Amino acid sequence: LGMALPLSSEEWCADLTKSAQLAKEYVAKMGDLDRVYRAKAGEAVEAFYEENTVEEGPGRFLCPLSGKRFKGKEFVRKHIDNKHSEQLAAVKERALQDKYLDA
């Protein structure tokens, strides 16, 4: 009548062990994907900083996004973090967009 027969304790333990192993493998795979995509996002963000930090001369740096000038590269980076955070987030999001398609 379509009803499953009850499992013996050995069958139940074997099913539980198999399910636990599959879950463990899945978690490991997701951890690997997290590491890969965290690295991709970091590389994309660094590339964005580099693309948007133009050295005009010794001690003179430009943010082409706003046209603002700074005395050091680190100040351009801080400016991008503070004033262009939406664009920075979009770069990071693009780098992460395929993560779950790879899962």
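Me: What sign does the phi of glycine 59 have in the hairpin of S1 and S2?

Reply: Glycine 59 takes a positive phi, near 70°, in this hairpin, which has two residues between the strands. The model is a predicted one: local features need pLDDT of at least 70, side-chain atom pairs count only at pLDDT 80 or more, and totals for chains, interfaces and linings use all residues. Residues are numbered from 1 along each chain as its sequence is written, and side-chain values use heavy atoms, with hydrogens and water left out.

Me: How do you know that strand S1 and strand S2 pair?

Reply: Strands are DSSP runs of E with at least two residues, helices are runs of H or I with at least four, and both are numbered from the N terminus. Two strands pair if DSSP finds at least two bridges between them. Three bridges join S1 (residues 54-57) to S2 (residues 60-63), so the condition is met. The two strands run antiparallel, and valine 54 has leucine 62 as its bridge partner in S2.

Me: Why is histidine 84 called buried or exposed?

Reply: Buried means under 20% relative accessible area, exposed means over 50%, and partly exposed is in between (1.4 Å probe, protein chains only). Histidine 84 has 10% relative accessibility, so it counts as buried. This residue sits in the loop between helix H2 (73-83) and helix H3 (85-96). Leaving aside neighbours within four places in sequence, histidine 84 is in contact (heavy atoms within 4.5 Å) with Cys63, Leu65, Ser66 and His79.

Me: What makes arginine 38 buried or exposed?

Reply: Its relative accessibility is 55%, and therefore arginine 38 counts as exposed. Arginine 38 belongs to helix H1. Its C-alpha atom is separated by 21 Å from that of asparagine 82, 44 residues apart along the chain.

Me: What makes glutamate 46 and arginine 77 a salt bridge?

Reply: The rule asks for a side-chain nitrogen of Lys or Arg within 4 Å of a carboxyl oxygen of Asp or Glu. The closest N and O atoms of glutamate 46 and arginine 77 are 2.5 Å apart, so the pair qualifies. Glutamate 46 lies in helix H1 and arginine 77 in helix H2, so the pair ties together parts that are 31 residues apart in sequence. Glutamate 46 is partly exposed because its relative accessible area is 33%, and arginine 77 is partly exposed at 33%. By this rule the count comes to five salt bridges.

Me: How do you know which residues are joined with Glu56 into one network?

Reply: Glutamate 56 and arginine 60 meet in a salt bridge at 3.4 Å, N to O. Arginine 69 forms a salt bridge with glutamate 56, with the closest N and O atoms 2.8 Å apart. Arginine 69 is in strand S3 (residues 68-70) and glutamate 56 in strand S1, so this pair ties together parts that are 13 residues apart in sequence. Salt bridges that share partners thus join Glu56, Arg60 and Arg69 into one network. Glutamate 56 is partly exposed at 35% relative accessible area, and arginine 60 is partly exposed at 45%.

Me: Why is leucine 7 called partly exposed?

Reply: Its relative accessible area is 46%, so leucine 7 is partly exposed. Leucine 7 is placed in the segment before helix H1 (9-51).
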